[in-house]
Number of protein chains: 2
Amino acid sequence: MQQSPVPPEPPIYRRIADGLREAILSGALRDGDRLPGENALMAEHRVARATARQALSVLINEGLAVPKRGSGVYVRLFRPIRRHGSRRLAQRQWGQGQAIWDSDTAGRPYAVDEVEIDREVAEEEIARVLGGAEVWVRRRRYSVDGRPVQLSVSCFPAALVEGTPITRQDTGPGGVYARLGDLGHAPAHFTEEVRARMPHPHETVQLDLPAGTPVIAIGRVAYTAEGVAVEVNEMVLDAASYVLQYDFDA
Amino acid sequence: MQQSPVPPEPPIYRRIADGLREAILSGALRDGDRLPGENALMAEHRVARATARQALSVLINEGLAVPKRGSGVYVRLFRPIRRHGSRRLAQRQWGQGQAIWDSDTAGRPYAVDEVEIDREVAEEEIARVLGGAEVWVRRRRYSVDGRPVQLSVSCFPAALVEGTPITRQDTGPGGVYARLGDLGHAPAHFTEEVRARMPHPHETVQLDLPAGTPVIAIGRVAYTAEGVAVEVNEMVLDAASYVLQYDFDA
DNA sequence: CAGTGGTCTAGACCACCTC
DNA sequence: AGGTGGTCTAGACCACTGA
């Protein structure tokens, strides 16, 4: 007899997690709502504590829930910021500005803290792109609504920016790009490489990330009209806080 | 007396995980290498099995390691594909094509499987962008080197494409964009919205994702020169398999 | 068939938050 | 003070892998 293949039942913790996920995705549980705790799940499903815990850990690692010590597990909030890559072709020029995904694009102020400026020897890849290892590095952290959302490390060829405001805290009006323009090396072209991955431990600390939050890593190179690379900027964004938008022609 | 604030020691499982992570990031353990198993960690650190397990789960959820049943836990492989957003400004036109992140951009063939074509009523956001809820939908899955890497769902206004090859499996030479051109609605502008998040369960299955792998979700809208939206394409990419590249002018 | 990871139980002590 | 999640122990049975 051919045994008809019985689909194996998922383990208990998965079925509990599936139920909770369904409640979240269906909207029965909304942003910030409290999930049933470990004790509640133990009683409701007649399981050991470790099993209830494992179910909750699934949702936490999926980024759908956030645990709060001594309080409970809560549905994760998602309030993205819209970051425009190429603004040159503003979407509204040829569309009605219809976005697929919502985001609070409105003027929420950025705060910049933890600025560090140093002269360093760049790592290999950056030295290759900039054509030299001697660089000035500007490290910054950006916050919106008091929450850190982005880390940014900019590298400039030392030979180019030595002695200019780019090596100082206050870069003056227009920022570093205006200063590069003053030097006759205004950025004219950009290339951005975008990846997503789980955060490294120091990023988890600096961006205050809960478990289950990926980061978006952007590597951006600024070139002059002559094709000379004048800046390499490596950014790390809290993926739950961002929608990137790029507009371009066929 | 003011008690000097002692930095609290991290828990055991974290210190084990930190050690393993260090070994991975430093290159002592390389792509595909086997990590110390649960039994090895129990013996080496004199801990219970659940603790050793918890340490490994940290690395797995960080996407640094992949468990294989009955075999062991292995260092995760990372072989990204380079996906170009705007090719119009090829990087090599004004640079030496120096990329920050490596990727196998070379001609690795895409395979398309699980094609589904249906006439449907679109969800609200897509209906709003396309200006109508009646749509033809093309669902596809792409694989590279036999591994699924991308899911894609394209929606077209039904009124526009009814009866054309776009509603059939074989769209003919040039694909759907060429057919839209035949209809006098050639795409001229694109906007892409990029997010990263942890995968939903069905995406985990369809893309065969190990734990700790985020996905990149791209929402792409194609507009004609007149500004009419003619396609909405929602893609979900295995984040570990992709580097997105966008080039644009200042 | 021995070793591996996957699941599960039944306890324990702790730090933290809320009331 | 009582409830919450965070960590940890010491067992158990299972399915799968690989030599």
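Colleague: Which atom of DNA strand C lies 3.3 Å from a polar side-chain atom of Arg53(B)?

Modeller: A phosphate oxygen of DNA strand C lies at that distance from Arg53(B). Such a pair is a polar contact, that is, two N or O atoms within 3.5 Å. The model is predicted, with local features requiring pLDDT of at least 70 and side-chain atom pairs pLDDT 80 or more, while totals for chains, interfaces and linings use all residues. Residues are numbered from 1 along each chain as its sequence is written, chains are lettered from A and ligands numbered from 1 in the order in which they are written, and side-chain values use heavy atoms, without hydrogens and water.

Colleague: Which other polar contacts involve DNA strand C?

Modeller: Among them, a backbone N or O atom of Glu38(B) is 3.0 Å from a phosphate oxygen of DNA strand C. Arg49(A) addresses a base: one of its polar side-chain atoms lies 2.9 Å from a base nitrogen.

Colleague: How many residues surround DNA strand C, and which are closest?

Modeller: A residue is near a strand if one of its heavy atoms lies within 4 Å of it. For DNA strand C there are 24 such residues, with Ile12(A), Ala48(A), Thr51(A), Asn39(B) and Arg53(B) the closest. Of the strand C atoms within 4 Å of the protein, 71% are in sugar or phosphate and the rest in bases.

Colleague: Which element gives the most to the surface near DNA strand C?

Modeller: Elements are DSSP runs numbered from the N terminus, helices being H or I of at least four residues and strands E of at least two. H3(A) gives the most, with four residues.

Colleague: What polar contacts does DNA strand D have?

Modeller: Its phosphate oxygens include one 2.9 Å from a side-chain N or O atom of Tyr13(B) and one 3.3 Å from such an atom of Arg53(A). In addition, a backbone N or O atom of Gly70(B) is 3.3 Å from a sugar or linking oxygen. The elements giving two or more residues to this surface are H2 (38-45), H3 (49-61), E1 (65-68) and E2 (72-75) of chain A, with H1 (12-25) and H3 (49-61) of chain B. H3(B) has the largest share, four residues. In total, 26 residues surround DNA strand D, and Asn39(A), Arg53(A), Ile12(B), Ala48(B) and Thr51(B) come nearest.

Colleague: How does chain B superpose on chain A?

Modeller: Copies are fitted by least squares on C-alpha atoms of residues with pLDDT of at least 70 in both. Here a rotation of 180 degrees with 0.0 Å of shift along its axis superposes chain B on chain A, at RMSD 0.0 Å. That is the relation of a two-fold axis. Because 100% of the interface residues of chain B are also interface residues in chain A, the copies meet through the same surface.

Colleague: In what order do the eight strands of the open sheet stand?

Modeller: Strands of a sheet pair through backbone hydrogen bonds, either parallel or antiparallel. Two strands count as paired if DSSP finds at least two bridges between them. The order is E3(A)-E10(A)-E7(B)-E8(B)-E9(B)-E6(B)-E5(B)-E4(B), with mixed pairing. E3 (81-84) of chain A and E4 (110-121) of chain B stand at the edges, each with a single partner strand, so one side of each lacks a neighbour in the sheet.

Colleague: How many bridges join E7(B) to E8(B)?

Modeller: There are 10 bridges between E7 (residues 187-197) and E8 (residues 215-224) of chain B, which run antiparallel. Within this pairing, Arg197(B) has Val215(B) as its bridge partner.

Technical notes:
Polar contact = N/O pair within 3.5 Å; in protein donor to acceptor, adjacent residues only side chain to side chain. Contact = heavy atoms within 4.5 Å.
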